[in-house]
Structure formats: structure tokens, C-alpha cells
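Biologist: Please show me how one reads the features of a model of this kind. I should like the general idea each time, and then the case at hand.

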Amino acid sequence: MKNIKYLLILVSATLLSSFAQPIFAQENDFIKEYLERLEKSKEYLILVAETMPEDKYEFKATPESMSFAENLMHIGWAMDWHSQSLMGGREARDWNTDTELKVDNKSKKEMIAKISETFDKTIEFISNFDPNRLEERLDYFGADRTKRQILLLLADHITHHRGQMLVYMRLNGLKPPRYVLYQ
């Protein structure tokens with residue numbers, strides 16, 4: 001009878017672990033795939049930023065729109081806030097006083113370097129993020145979201161503002177760089 005009890009415990013433990021491994025593997029796959037997408041997004045955004053002439057960085061489609069440069073730096077601000085603050089728990093930058101991720105008096109070269117650095121920090125953060133925490137929930141502007149959803153929202157946000165930048169290029173008679181897949 002004792003052997004049957006131990007056998008049942010062993011079989012139960014084996015079955016439970018066989019269910020947990022695929023779930024953990026899926027979480028790791030999500031992080032791996034997300035990082036690949038973020039790397040491609042970085043490459044493409046930097047290519048877009050390099051293609052726009054510096055004298056067009058202040059261009060706005062309408063007076064109330066963000067400029068090309070403001071869209072670029074806004075992407076950096078959002079990456080920093082979503083990863084380091086919202087998901088990572090670091091105190092958020094003060095938009096009114098912190099100029100590191102604002103246009104401020106930065107040159108085109110300085111803005112591109114700052115965006116590249118911010119992508120690298122975000123990629124490092126996500127690379128080291130515990131995949132088991134993807135299901136943790138956060139308040140996202142009044143909506144209950146998982147950290148996985150936060151990462152997807154961040155990817156959408158980058159794409160949204162980069163799309164605005166591409167339109168700005170067209171409005172200035174420029175041909176945007178060819179689209180890069182998987183970003």
C-alpha cells in the first residue's frame with residue numbers, strides 16, 4: 001500500500017511538471033519573439049530618423065501635432081516608462097523637469113543616439129524579465145492589463161508614432177525607407 005501511495009505521488013508530480021513545462025516554454029518563446037521584433041523596430045526607426053533631413057525635424061503635419069523630432073523622442077519616453085517604470089517599478093521620470101528623453105536642444109545625431117540607447121535599455125530589461133511575471137496585472141490608465149499586454153501595447157505605440165513620422169516624410173517629398181518585416 002505504501003508503494004502505491006509513493007507511486008501515485010510520483011506519477012502526479014510527473015504529470016504536473018509535464019503541464020508546466022510547455023507553459024513556461026511558451027512564455028520564453030513570447031519574450032524571444034518580442035525581442036526579435038523590438039530589435040527590428042529599432043533598426044527601422046533609426047533608419048527612418050537618419051533618412052529625414054535635420055532641417056525637417058521640426059516639421060508638423062498640423063499646428064497641434066507633434067513634430068517629427070517630438071514623435072521620435074516620445075517613442076523613447078514611452079519605451080522607458082512602459083519598461084523601466086510601469087513593468088520594472090522604477091519611479092517614472094518627471095515630464096516637466098526631465099529633459100533626457102525630450103527634444104530639448106538635441107541635434108538629430110543626439111536624438112538618434114538617445115533613441116538607440118533607450119531601445120538597448122528596453123531590450124536589456126525585457127531580456128532579463130522573468131517570463132513567469134507576464135501574467136501579473138497592472139492598472140493601465142484605468143484598464144486592468146497583464147504585463148504581456150503592456151509589451152504588446154508598447155509595440156503598437158512605437159508603430160503608431162513611427163507611422164506618423166513616415167507620413168511626415170511623404171509630406172516633405174521624401175521616400176521613406178523600405179518597410180522591414182517582423183517589427
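Modeller: Let us begin with burial: a residue is buried under 20% relative accessible area, exposed over 50%, and partly exposed in between, with a 1.4 Å probe and protein chains only. T146, with a relative accessible area of 6%, is therefore buried. The model is a predicted one, in which local features need pLDDT of at least 70 and side-chain atom pairs count only at pLDDT 80 or more, whereas totals for chains, interfaces and linings use all residues. Residues are numbered from 1 along each chain as its sequence is written, and side-chain values use heavy atoms, without hydrogens and water.

Biologist: What percentage of the residues in the protein is buried, and what pattern do the elements follow along the sequence?

Modeller: Buried residues account for 40% of the 183 residues. Elements are DSSP runs numbered from the N terminus: helices are H or I with at least four residues, and strands are E with at least two. The protein has four helices and two strands, in the order α-α-α-β-β-α.

Biologist: How many residues does helix α3 have, and what distance does α3 reach?

Modeller: The expected span of a helix is 1.5 Å times one less than its number of residues. Helix α3, residues 108-127, has 20 residues and reaches 28 Å from its first C-alpha to its last, close to the 28 Å expected. Helix α4, residues 147-171, has 25 residues and reaches 36 Å, close to the 36 Å expected. After α4 comes G173, with a positive phi near 75°.

Biologist: Which residues of α3 are buried?

Modeller: An α-helix has 3.6 residues a turn, so residues three or four places apart point the same way. In α3 the buried residues include K108, M111, I112, I115, F119, I123 and I126.

Biologist: Which residues does I126 touch, leaving aside its neighbours within four places in sequence?

Modeller: Contact means heavy atoms within 4.5 Å. With those neighbours left aside, I126 is in contact with I31, Y34, L35, L38 and L151. A buried lysine can be read in this manner too: K42, in helix α1 (residues 2-51), has a relative accessible area of 14% and is therefore buried. Not counting residues up to four places away in sequence, K42 touches S116, F119 and D120.

Biologist: Which members of the largest nonpolar core touch the most other members?

Modeller: In soluble globular proteins, nonpolar side chains tend to be buried together. A nonpolar core is a set of buried Ala, Val, Leu, Ile, Met, Phe, Trp, Tyr and Cys residues joined through side-chain atoms within 4.5 Å. Among the 41 residues of the largest core here, Y34, Y57, F68, L72 and I126 touch the most other members. Two or more residues each come from α1, α2, α3, β1 (137-140) and α4. The most come from α1, which gives ten residues.

Biologist: How many cavities of 30 Å³ or more does the structure hold, and which residues line the largest?

Modeller: A cavity is a set of points, on a 1 Å grid over the protein atoms alone, where a 1.4 Å probe fits but cannot get out; lining residues have an atom within 4 Å of a point. Points are joined across faces, edges and corners, and the volume is the space filled by probe spheres set on them. There are two such cavities, and the largest has a volume of about 60 Å³. Its lining consists of M79, D80, S83, Q84, R93, E100, L101, K114, E117, T118, K121 and T122. Helix α3 contributes the largest share, five residues, and α2 (68-87) also supplies at least two.

Biologist: How many residues of that lining are nonpolar, polar and charged?

Modeller: Ala, Val, Leu, Ile, Met, Phe, Trp, Tyr, Cys and Pro count as nonpolar, Asp, Glu, Lys and Arg as charged, and the others, Gly among them, as polar. The lining divides into two nonpolar, four polar and six charged residues.

Biologist: Where are D104 and F141 found, and what is the sign of phi in D104 and in F141?

Modeller: D104, in the loop between α2 and α3, has a positive phi of about 50° although it is not a glycine. F141, in the loop between β1 and β2 (143-146), likewise has a positive phi, near 55°. D104 is partly exposed at 49% relative accessibility, while F141 is exposed at 69%.

Biologist: Which residues does T146 touch, not counting those up to four places away in sequence?

Modeller: T146, in strand β2, touches L134, E135, E136 and R137. T146 and E135 are eleven residues apart in sequence and 5.2 Å apart in space, C-alpha to C-alpha. Over the protein, 70% of contacts between residues at least 6 apart in sequence join residues at least 24 apart.

Note on methods:
On a 1 Å grid over the protein atoms alone, a cavity is a set of points where a 1.4 Å probe fits but cannot get out, and a pocket is an open set with protein on both sides within 12 Å along at least five of seven lines; lining residues have an atom within 4 Å of a point.
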